[in-house]
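Trainee: I would like to learn how to read the empty spaces and the cysteine links in a structure. Please take them one at a time.

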Amino acid sequence: MDLYNSIKLSCLSSLPPLQIQNISSWKEKGCLPGFLCPQNSATHLPQYCTPTRDCMINRTEGGMCAPQGVYEPVVCPPGLYCPSNAVKPIFCPKGFYCPIGSKEPRKCASLSVCPSNSMRHFDLTPLIILLFVDIMLVTALMFRSLQKRFIQRRKKPVLTIMRDEGNDVEMFIESLKRCHMSPPLGLSFDFKSLEFRSKRPQKVSIVKELSGTIKQGSLWGIMGASGCGKSTFIKLLMGKISGNKGRTTVNGISIRRFKKSIGYVPQDDIILGDMTVRENILHSARMRLPHELKYADVLEHIDTLIGALHLSHIQNSLVGCLAKPIISGGQRKRVSIAIELAAAPMALFLDEPTSGLDTTAALSLLNLLHRLADSGMTIILIIHQPSQEIFNKIDNLMLLGDGQVIYQGEREKMKGHFEAAGFKFPENINTADVMGDIIAGKGLRYKVNGTEISIPWLIGVWKMANPKIPQRQTKVSGEHEHRLKKIMALRGARFHEQIGFNMIRSMMQQKRNVFAIVFELATASLAGLLIGLCYYFMQGHLFQGPFHEPYELLSPAAQYTHCVQIALLSFLAIGLVSSAPGVNVFGTEKLVYFREAGAGHLRSAYYIAKVLCTLPRVGLACFHFTTFCHLLSTPEITFGAAYSTNLLYWYCIYGFASCISMLTLNEIAPLLAVMASLIIGIVSGTAPNLARVKSWKLEWFWRSSPGTWAGEAYFDRQIGPMKRLYNTTRFVDYMGYRMGRFRKDLAMLFVIGTVYRLVAFCLMILIYRHRQN
């Protein structure tokens with residue numbers, strides 16, 4: 001009021017005023033809500049005065065001016081509110097806040113900081129919830145750490161008791177019978193004219209003309225020089241790869257039916273390092289044993305297996321990774337074997353199971369395998385340079401050279417076959433070593449008749465001695481086949497059970513890798529804090545446009561950029577924070593997935609479990625980011641709307657990062673995910689704006705990005721409340737966003753994030769498909 005009283009002339013500039021509201025408009029609307037018109041009436045209508053030099057500069061910079069004339073309306077200052085036709089502004093009471101141009105006070109949230117005359121409110125509710133959650137998490141971590149130390153201090157030395165190895169093995173054999181839920185049936189493999197050629201342009205034959213029968217309950221050793229086709233042969237036998245010629249059957253039936261009943265121990269020990277020995281073995285058992293088996297029986301089965309493989313003393317130790325191992329290499333090998341034996345297979349394939357084991361451990365393992373074969377399990381192993389004791393444990397041999405058979409039959413008859421070909425086995429040298437030199441084409445010093453020692457010659461000798469190997473087609477009775485089908489139907493946990501078991505394992509992994517989660521939460525908090533500080537001093541006034549008619553001439557310079565910039569910065573920050581963790585959801589355990597998929601685990605159950613376990617992590621990280629960003633910047637968009645938009649955008653980035661992790665190597669996937677997330681954030685319709693993109697006929701491309709839908713959601717909730725004071729039509733047209741579609745925008749974000757995950761799942765199945773068979 002003092003400002004008006006100080007004006008002696010109609011306008012401060014001494015120039016004639018311009019009437020901006022006629023008599024009919026005044027009678028109909030009066031002074032617009034959010035404005036102050038103390039001197040105006042039907043006889044003194046609102047006027048616009050040419051601003052003074054200082055006012056012109058102030059308005060050009062986006063600021064407000066005092067009224068430039070007696071009858072010039074003025075916008076209601078922040079911290080005050082002006083109802084319709086108000087004569088003077090009213091102070092905003094305590095517990096309310098009044099931004100610029102308020103016609104009535106807005107109520108603050110119950111836990112907000114809102115003293116009297118507030119122009120914005122600081123809602124502390126999200127921060128209090130966040131602090132409570134973080135304190136609970138820190139307390140739980142500290143309690144867990146102290147509990148571990150207390151247990152270690154109270155732990156008394158345990159006297160090691162010598163266990164009877166034979167008794168442990170027999171107990172495990174009995175447990176296998178219970179797991180099979182019937183007398184052991186065993187599997188017999190028939191293969192005829194197997195041939196596999198490489199996919200290189202030369203199409204070199206890796207194995208060819210392999211025929212024979214491996215009976216149930218037998219122990220076979222596959223031996224030969226490096227590159228002779230040993231691994232390829234057993235993969236053909238298991239059905240992991242398809243040959244170019246020939247066929248393989250199991251008990252006279254297609255091998256595909258027996259995927260869950262065949263165990264395969266790869267040469268590399270593929271084990272989750274952040275799980276304990278027992279947890280790795282137990283997971284395999286719960287996923288692959290008959291689902292009707294009681295949990296108590298599963299635990300008993302695991303206990304006997306751990307005892308039989310001498311893993312009892314390390315069963316609660318983490319496995320560790322190859323770079324930072326916790327258990328020894330030999331122990332890792334035994335754990336890898338235990339993972340397959342936990343599933344009670346009817347046939348077991350092992351690729352160099354004795355590598356990394358000392359002589360005593362290797363001999364103990366062969367004793368176990370020999371006893372398993374005696375009980376009805378079919379054992380086929382690739383072995384390289386065995387000791388004499390280990391070699392004597394093998395019942396049958398298949399010796400390969402250049403992908404063809406050099407010898408196939410009983411171990412005891414092998415020496416006679418080569419002696420008939422002119423070789424002599426010295427008595428003081430390991431038989432396996434002599435045989436290895438011979439089949440590698442380096443047996444000249446053992447040749448007593450002639451000088452021909454080449455591999456093709458050895459293959460020819462075998463063919464001459466065995467012109468036609470009789471093909472024994474295994475035949476099973478109808479009752480036997482019926483029992484077999486029944487057992488196969490019961491094999492493996494059900495779909496929902498597999499989801500549950502995988503979720504338990506994933507949550508345990510996240511618990512063990514808690515510092516990675518803490519780092520993600522800290523990074524999200526820091527990103528939100530920095531963006532909030534950027535807009536803190538704007539006091540929540542992130543948009544300024546022309547006033548509604550008829551007061552548009554009183555408008556200061558428009559400030560359109562801040563309300564869209566805060567959205568753009570948020571999307572870029574979310575991409576930087578979440579893309580690398582999104583890659584690690586699947587990228588770090590591809591090899592484990594390949595092994596488990598090949599063993600018959602349901603790939604969809606694994607994928608769903610991994611996705612579900614990331615959701616709490618995503619929600620918590622997003623809550624940290626949104627809390628600090630929203631608290632400091634105090635935008636028009638509500639916390640709930642901002643959190644919903646950020647959460648679904650976070651969901652999209654995690655899904656897109658999963659796609660990248662399926663396509664690329666682990667070393668470069670995080671960098672590619674970060675770069676891609678920045679592109680997605682930029683393609684949000686802010687710069688270039690969506691209106692310009694429409695003129696390029698590329699709106700469909702921008703709409704395929706979650707950034708555009710998230711930007712539109714932010715824009716709707718940020719600009720919508722400003723319609724009370726400003727004419728936003730021009731800015732909406734300039735940006736090209738559509739208003740009033742907030743729910744649709746959120747729904748589209750959810751759809752895009754889900755589509756990303758479906759694509760990632762398809763890529764997971766299709767890429768490296770041969771490694772999942």
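Mentor: Helices here are DSSP runs of at least four residues, numbered from the N terminus. Keep in mind that this is a predicted model.

Trainee: How is empty space found, and how many cavities of 30 Å³ or more are there?

Mentor: Rolling a probe the size of a water molecule over the atoms shows where empty space is left. In this case there are 7 cavities of 30 Å³ or more. The largest cavity holds about 170 Å³ of space.

Trainee: Which residues lie nearest the centre of the largest cavity?

Mentor: Asn 280, Ser 284, Ile 339, Arg 505 and Glu 596 do, out of 16 lining residues. By class, the lining has 6 nonpolar, 4 polar and 6 charged residues. Helices H7 (277-288), H9 (329-341) and H19 (590-598) each give at least two lining residues. H7 has the largest share, with 5 residues.

Trainee: What is a disulfide, and how many does a search of the whole structure find?

Mentor: A disulfide is a covalent bond between the sulfur atoms of two cysteines. The search finds 6 disulfides. One of them joins Cys 108 to Cys 114, with 1.9 Å from S to S. The torsion about that S-S bond is about -90°, so the disulfide of Cys 108 and Cys 114 is left-handed. By contrast, the link of Cys 76 and Cys 82 is right-handed, with 75° about the S-S bond.

Trainee: Why is Cys 613 too far for a bond?

Mentor: The closest cysteine sulfur, in Cys 622, is 19 Å from the sulfur of Cys 613, so the two are too far apart for a bond. Cys 613 counts as buried because its relative accessibility is 2%.

Conventions:
Residues numbered from 1 in each chain as written. Predicted model: local features only at pLDDT ≥ 70, side-chain atom pairs only at ≥ 80, totals over all residues. Heavy atoms only, no water. 1 Å grid on protein atoms, 1.4 Å probe; cavity = no way out; pocket = protein on both sides within 12 Å on 5 of 7 lines; lining within 4 Å. Points joined across faces, edges and corners; volume = space filled by probe spheres on them. Nonpolar A, V, L, I, M, F, W, Y, C, P; charged D, E, K, R; others polar. Disulfide = S-S within 2.5 Å. Buried < 20%, exposed > 50% of the residue type's maximum accessible area, 1.4 Å probe, protein only.
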